[in-house]
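The following exercises concern the structure shown below. Each task is followed by a worked solution in steps.

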Amino acid sequence: MTAPPTALLGRLAASGRLQYAGRTTVLNLAVRQALAAELQPGGAAHPWTGWTFSAGRGSREQPAVWLAEPVVVAEVAVDVPLDAADRWRHPVRMVRVRSDPAPDDAPPFGKE
């Protein structure tokens, strides 16, 4: 059984390091297509190379993960709760891919 398409989200920390920030809910077709058009494959030096991810809280399933270069900015709708590592506790809804800001334009991870 294949897990439905979602995205793992990262944000740059003040140090410039890519930090895991959370995951999305299932992506709708329009957002999936817009995101796919912007993604660039991540290389062996991607900071998350070798990481494992779960399909969700309490799940033992490991989804297929394709790492991408952190060059895409997305607008997301989130609720407030954060976990102990300042990641979004609940899945977020990806609203749209944004082409106007660069990744460096977003506030550093943990500095909303």
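**Exercise 1.** Determine what share of the residues in the chain is buried.

*Solution.* Buried denotes under 20% relative accessible area, exposed over 50%, and partly exposed in between (1.4 Å probe, protein chains only). By this criterion, buried residues account for 21% of the 112 residues. The model is predicted: local features need pLDDT of at least 70, side-chain atom pairs count only at pLDDT 80 or more, and totals for chains, interfaces and linings use all residues. Residues are numbered from 1 along each chain as its sequence is written, and side-chain values use heavy atoms, with hydrogens and water left out.

**Exercise 2.** Locate Thr24 and characterise its surroundings.

*Solution.* Step 1: Thr24 lies in the loop between strand E2 (18-23) and helix H1 (29-38); helices (H or I, at least four residues) and strands (E, at least two) are DSSP runs, numbered from the N terminus. Step 2: the relative accessible area of Thr24 is 2%, so Thr24 is buried. Step 3: a polar atom of the Thr24 side chain is 2.8 Å from the backbone nitrogen of Ala7. Step 4: with residues up to four places away in sequence not counted, Thr24 touches Thr6, Ala7, Leu9, Pro91, Val92 and Met94, contact meaning heavy atoms within 4.5 Å.

**Exercise 3.** Identify which residues Met94 contacts, leaving aside neighbours within four places in sequence.

*Solution.* The partners of Met94 are Ala7, Leu9, Thr24, Leu27, Val31, Leu35, Ala74, Glu75 and Val76.

Note on methods:
A polar contact is a pair of N or O atoms within 3.5 Å; within protein, one must be able to donate a hydrogen and the other to accept it, and residues adjacent in sequence count only if both atoms are side-chain atoms.
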